[in-house]
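Q: I would like a close look at a single part of this model. Please keep the answer connected and leave the methods aside.

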Amino acid sequence: MNTQDMNNVLQNFDLLENIESSKNWEVNFQKKLDNAQFSKSNSVSKFNLVVLVLIVINVGFVWNSLKTDDAKSDNKAIKYKTIANELLITSNN
């Protein structure tokens with residue numbers, strides 16, 4: 001940018017009028033802030049709900065896995081006892 005362009009930009013800047021805010025600017029700005037805070041709290045609530053649902057599903061899977069393991073170990077014990085009673089020969093000495 002050369003000096004002529006810079007001088008033109010400065011002159012245009014000096015010609016700008018002062019900008020004044022409207023009388024209800026603060027009220028409008030506060031409304032926008034409140035709306036933004038409200039929408040943010042809604043998204044946080046939805047995220048918390050999704051995380052809670054995922055935790056409950058995970059606990060359900062763990063519970064089901066533990067319950068299934070207990071049933072399997074009981075079935076194995078019964079099967080081993082049956083095999084021991086039917087196949088193994090014990091001495092009566």
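Which residues form a nonpolar patch on the surface, and about how much accessible area do they have together?

A: The model is a predicted one. In it, a nonpolar surface patch is formed by L49, V50, L52, V53, L54, V56, I57 and F61. Taken together, these residues have about 790 Å² of accessible area.

V56 can serve as an example from this group. V56 is located in helix α2, which covers residues 25-87. Its relative accessible area is 53%, and because the cut-off for exposed is over 50%, V56 counts as exposed.

The setting of the patch is the chain as a whole. The secondary structure consists of two helices and zero strands. Of the 93 residues in the chain, 0% are buried. The chain exposes about 9500 Å², and 60% of that area is supplied by carbon and sulfur atoms.

Helix α2 also holds an aromatic contact, between W25 and F29. The structure has one aromatic pair, and W25 and F29 form it as a stacked pair, with 5.3 Å from centre to centre and 5° between the planes. The angle counts as stacked because planes under 30 degrees apart are classed that way. W25 and F29 are four residues apart in helix α2, so about one helical turn separates them.

Both members of the pair can be placed on the accessibility scale too. W25 has a relative accessible area of 45% and is partly exposed. F29 is likewise partly exposed, at 41% relative accessibility. Partly exposed applies here because these values fall between the limits of 20% for buried and 50% for exposed.

Note on methods
Residues are numbered from 1 along each chain as its sequence is written. This is a predicted model: local features need pLDDT of at least 70, side-chain atom pairs count only at pLDDT 80 or more; totals for chains, interfaces and linings use all residues. Side-chain values use heavy atoms; hydrogens and water are left out. Patches are made of residues with over 30% relative accessible area and no salt bridge: like charges are joined within 9 Å, nonpolar side chains (Val, Leu, Ile, Met, Phe, Trp, Tyr) within 5 Å. Accessible areas come from the Shrake-Rupley method with a 1.4 Å probe; for residues, only the protein chains shown count as cover. A salt bridge is a side-chain nitrogen of Lys or Arg within 4 Å of a carboxyl oxygen of Asp or Glu. Buried means under 20% relative accessible area, exposed over 50%, partly exposed in between (1.4 Å probe, protein chains only). Rings of Phe, Tyr and Trp (its six-membered ring) pair if their centres lie within 6.5 Å; planes under 30 degrees apart count as stacked, over 60 as edge-to-face and the rest as tilted.
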